[in-house]
Amino acid sequence: MFRQLFFFSLLIYFVVGYLPSQKYQPRWTGCPCSNKDLCKPLTIGPRQEVYLFQLWQDYWREYNWELPTTVALFEELDPDLLCHAHERNVRIVYKADVTVSQLWNQTYRDEWVNDLLQLTYETYTDGINVDMETEIAADSPERGYLTELMHQLKTTFDSKVPGSQITFDIPWSP
């Protein structure tokens with residue numbers, strides 16, 4: 001069942017595309033878990049990762065929870081998912097888009113990082129999965145700006161959310 005859901009999710013992801021960038025607002029205030037320790041960021045050392053891309057709200061209830069190590073959210077977080085995942089040492093990270101045309105803008109980069117940090121704090125999640133589908137030419141100045149942005153994101157999260165995870169998806173084509 002897990003394999004079928006995973007491949008179906010990937011198929012839909014590539015056919016429909018990823019969700020547009022949006023500001024997520026949690027539907028709750030305070031830790032939604034009965035065990036408040038589950039709202040602390042997971043501090044897990046290096047391990048082999050099995051990533052799930054959560055595209056639909058209730059699919060997580062069907063997962064084989066012995067396999068995943070990280071769930072990347074492409075939608076609003078279900079607070080029950082947070083508690084369930086953290087109880088099993090599975091990280092929850094949000095998908096984030098980057099507006100390539102704004103990479104040169106330091107104010108945009110600062111706000112982007114701060115917004116993601118605030119989202120992580122407010123939702124008790126464990127990091128960010130940057131999902132960038134826009135090509136950047138090797139000789140483009142945006143390449144350097146993107147590198148600066150990823151460095152800023154990583155160093156900010158390392159200092160403010162110990163144990164957080166930052167990952168980066170890249171566009172791919174044959």
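How many bridges join β4 to strand β5, and do the two run parallel or antiparallel? With this predicted model open, select residues 165–169 for β5 together with β4, and you will find five bridges between the two strands, which run parallel. For a single contact within this pairing, pick Asn129, whose bridge partner in β5 is Thr167. Now follow the chain itself: from β4 it passes through helix α4, residues 141–160, before it arrives at β5, and this β-α-β crossover is right-handed.

Next, turn to the other neighbour of β4. Select residues 91–96, which make up strand β3, and look for the three bridges that join this strand to β4, again in a parallel arrangement. Within this pairing, Tyr94 has Ile128 of β4 as its bridge partner. The chain goes from β3 to β4 by way of helix α3, residues 106–123, and this β-α-β crossover is right-handed.

Stay with β4 for a moment and select residues 127–131 alone, since the strand is mostly covered, with five of its five residues buried. If you show the side chains, Gly127, Asn129 and Asp131 point one way from the strand, while Ile128 and Val130 point the other way, and all of them are buried.

The following stops concern charged side chains, for which the count comes to ten salt bridges. Begin with Asp97 and Lys95, whose side chains meet in a salt bridge with an N to O distance of 3.1 Å. Asp97 has a relative accessible area of 11% and is buried, and Lys95, at 5%, is buried too.

Move from there to Arg61 and Asp78, where the side chains form a salt bridge at 3.4 Å, N to O. Arg61 sits in the loop between β1 (51–54) and β2 (70–73), whereas Asp78 sits in the loop between β2 and α2 (79–87), so this pair ties together parts that are 17 residues apart in sequence. The two partners can be coloured by accessibility: Arg61 counts as partly exposed, at 45% relative accessibility, while Asp78 counts as buried, at 8%. Adding Asp58 and Asp80 to the selection shows a wider group, because salt bridges that share partners, as defined by a side-chain nitrogen within 4 Å of a carboxyl oxygen, join Asp58, Arg61, Asp78 and Asp80 into one network.

One more salt bridge to select is that of Glu49 with Arg47, in which the closest N and O atoms are 3.5 Å apart. Here Glu49 is partly exposed, with a relative accessible area of 30%, and Arg47 is partly exposed as well, with a value of 29%.

The tour ends with the aromatic rings, among which the count comes to four pairs. Select Tyr51 and Phe53, whose ring centres lie 5.7 Å apart and whose planes stand at 45°, so the pair is tilted. Tyr51 counts as buried, with 17% relative accessibility. If you then add Phe74 to the selection, you have one aromatic cluster formed by Tyr51, Phe53 and Phe74.

For the last selection, take Tyr63 and Trp65, an aromatic pair that is tilted, with 5.8 Å from centre to centre and 55° between the planes. Are these two residues buried or exposed? Both Tyr63 and Trp65 are buried.

How values were computed
Residues numbered from 1 in each chain as written. Predicted model: local features only at pLDDT ≥ 70, side-chain atom pairs only at ≥ 80, totals over all residues. Heavy atoms only, no water. Buried < 20%, exposed > 50% of the residue type's maximum accessible area, 1.4 Å probe, protein only. Helix = DSSP H or I, 4+ residues; strand = E, 2+ residues; numbered from the N terminus. Pairing = 2+ DSSP bridges. Right-handed = clockwise from strand over helix to strand, strands pointing away. Phe/Tyr/Trp six-rings, centres within 6.5 Å; stacked < 30°, edge-to-face > 60°.
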